[in-house]
Amino acid sequence: MDLFELDQKYILNTYKRMPLEIVKAKGSYLYDEKNNKYLDMFSGIAVSSLGHLHPHIIRAMKNQMKKNLHLSNYFVSRPLVDLAEGLVKNSFASKVFFTNSGAEAIEASIKLARKYGKSISPNKFKMIALTESFHGRTMGGLSLTAQYKYQEPFLPLLPGVTYVKRNDVAELKNAMNDDVCAIFIEMIQGESGIQVLTEEFIDEMIKTAKEHKILVVADEIQTGLLRTGKLFAYQHTKLIPDILTLAKSLGGGLPLGAMLVSESLENVLKAGDHGTTFGGNPLAAASGLASFQILSNESMILEVQEKSKWLFQELNQLKSKYSIIKEIRGKGLMIGIEVGGFAEQIKREAFAKNVLLNITNQTVIRLLPPLNISYKDLKVFLNTFENVLITLKST
Ligand SMILES: Cc1ncc(COP(=O)(O)O)c(C=O)c1O
């Protein structure tokens with residue numbers, strides 16, 4: 001049996017695996033068993049933001065591995081404290097809770113928001129999420145993920161969740177009331193095809209959240225840590241969240257998530273209210289700290305902004321040449337290219353030309369390349385993409 005057959009035999013078939021066996025990864029490239037190399041335009045879905053095996057991250061991991069791999073959360077840990085300090089000093093937050101994953105950061109936020117609400121009134125337990133949102137697949141996260149296709153097999157979910165149409169100011173106004181403890185948002189919705197929240201919607205949310213003492217939870221699991229050209233996507237707007245969730249690239253390639261909270265919330269959860277065995281594991285923290293040191297560096301931030309500007313220009317030129325491209329959305333290096341029914345075909349043809357693309361919401365090519373991808377490699381992507389578009393145009 002080959003590896004794919006063994007995978008099918010022993011692992012639950014919850015993922016649509018690509019017909020590719022990766023044996024090695026370096027920088028912006030993945031290598032198969034025959035040493036064919038593939039340009040990785042989705043970096044493990046926004047995880048490997050500095051590409052694969054970045055030397056600074058590997059060095060930090062090796063150093064940590066000589067010290068300890070796991071101690072338990074009963075002990076303080078240097079890399080974890082240093083990472084928390086970095087996150088706090090570069091954001092609105094005053095404290096951090098570490099988790100293993102994005103969904104767990106969302107669960108922690110739900111619990112914190114519920115406890116906060118209860119401290120004001122027994123009825124203040126309701127939550128708002130936006131249509132087409134994605135906040136993870138645990139039962140709490142799924143309750144906030146306003147997509148019927150994900151929810152339907154697992155109903156009933158958490159009670160008291162209302163869904164507001166994304167960017168619909170009137171619906172938002174209507175839904176925000178004193179019984180709501182928190183509203184969960186993605187500044188740019190990733191899974192639903194790179195959908196950006198409008199300034200008008202955000203401004204109304206800031207106003208009504210204040211009026212009704214509603215916590216704003218910015219889910220930056222995908223948008224966070226420089227993906228959108230700022231360290232956090234909320235920094236593009238007037239919003240100062242009460243809670244912010246991170247994961248994906250936080251661990252520099254290892255599993256690590258976090259809930260960041262504002263000063264006014266730092267005493268809501270007390271010892272014993274919440275916890276995790278592995279969350280904030282020292283090796284993941286050391287890897288995450290090394291990654292964060294680079295991602296929070298001003299020159300890296302400028303580099304991503306310039307690269308993004310250039311890439312958007314190039315993509316818009318392609319849009320003006322090929323009517324298959326309907327829209328280009330996003331910020332930084334989180335870009336959605338709306339191509340309607342051609343998405344799967346484009347992905348297949350690009351794969352045949354050794355470029356790996358990710359499709360989301362069926363019709364959108366989602367670009368999440370390593371943030372340190374070179375211009376040369378971006379040109380490889382653009383040329384391949386254009387070559388695919390040419391063949392589609394002529395069919
Ligand atoms: C915005 C957002 N929230 C939550 C999650 C869930 O994170 P995880 O898969 O680490 O549980 C994701 C994952 O794609 C996400 O993009």
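## Helix packing, salt bridges and backbone exceptions

Helices α12 and α13 run oblique to each other. The model you are looking at is predicted, and the exercises below start from that helix pair.

**Exercise 1.** Work out which angle α12 and α13 make where they pack, and what residues build their contact.

*Solution.* Start with the elements: α12 covers residues 343-352 and α13 covers residues 375-393. Their axes lie 10 Å apart, at an angle of about 125 degrees. An angle over 145 degrees would count as roughly antiparallel, and 65 to 115 as roughly perpendicular, so the pair falls under oblique. Next comes handedness: α12 crosses α13 in the right-handed sense. Now look at the side that α12 contributes, with Gln-345, Ile-346, Glu-349 and Ala-350. On α13 they meet Thr-384, Phe-385, Val-388, Leu-389, Thr-391 and Leu-392. Sorted by character, this contact holds six nonpolar residues, three polar ones and one charged.

**Exercise 2.** Find how α11 is oriented to α13, and divide the residues of their contact into nonpolar, polar and charged.

*Solution.* Helix α11 spans residues 298-321, and its axis comes within 11 Å of that of α13, crossing at roughly 15 degrees. Because angles under 35 degrees count this way, α11 is roughly parallel to α13. The crossing is right-handed. Among the α11 residues in the contact are Trp-310, Leu-311 and Leu-315, while α13 brings residues including Tyr-375, Phe-381 and Phe-385. The division gives nine nonpolar, no polar and seven charged residues. Glu-306 and Lys-307 of α11 are among the charged ones, as are Lys-379 and Glu-386 of α13.

**Exercise 3.** The model has 14 salt bridges. Take the pairs of Arg-17, Glu-85 and Glu-191, and say where each partner lies.

*Solution.* A general point helps to begin with: side chains of opposite charge can pair when their charged atoms come close.

- Step one: Arg-17 bridges to Asp-7 at 3.0 Å, N to O. Arg-17 sits in the loop between α1 and β1, and Asp-7 sits in helix α1, 10 residues away. Arg-17, at 41% relative accessibility, is partly exposed, whereas Asp-7 is buried at 16%.
- Step two: Glu-85 bridges to Lys-89 at 2.7 Å, N to O. Both belong to helix α4, four residues apart, or about one turn of the helix. Glu-85 is partly exposed at 39%, and Lys-89 is exposed at 62%.
- Step three: Glu-191 bridges to Arg-366, with their closest N and O atoms 2.9 Å apart. Glu-191 lies in the loop between β8 and β9 and Arg-366 in strand β17, so the bridge ties together parts 175 residues apart in sequence. Both partners are buried.

As an extra, salt bridges with shared partners link Glu-199, Asp-203 and Lys-238 into one network.

**Exercise 4.** Locate the cis peptide bond before Pro-156 and the positive phi values of Asn-167 and Lys-213.

*Solution.* Keep the background in mind: most residues other than glycine have a negative phi, and most peptide bonds are trans. The bond from Leu-155 to Pro-156 is cis, with omega near 0 degrees, and Pro-156 belongs to the loop between α7 and β6. Asn-167 has a phi of about 70 degrees; this residue is in the loop between β6 and α8 and is partly exposed at 25%. Lys-213 has a phi of about 55 degrees; this residue is in the loop between α9 and β10 and is exposed at 51%.

Notes: Residues are numbered from 1 along each chain as its sequence is written. This is a predicted model: local features need pLDDT of at least 70, side-chain atom pairs count only at pLDDT 80 or more; totals for chains, interfaces and linings use all residues. Side-chain values use heavy atoms; hydrogens and water are left out. Axes are lines fitted to C-alpha atoms, for helices over the stretch in contact, and angles run from 0 to 180 degrees between N-to-C directions. Helices (H or I, at least four residues) and strands (E, at least two) are DSSP runs, numbered from the N terminus. A crossing is left-handed if the near helix is turned anticlockwise from the far one by less than a right angle, and right-handed if clockwise. Contact means heavy atoms within 4.5 Å. A salt bridge is a side-chain nitrogen of Lys or Arg within 4 Å of a carboxyl oxygen of Asp or Glu. Buried means under 20% relative accessible area, exposed over 50%, partly exposed in between (1.4 Å probe, protein chains only).
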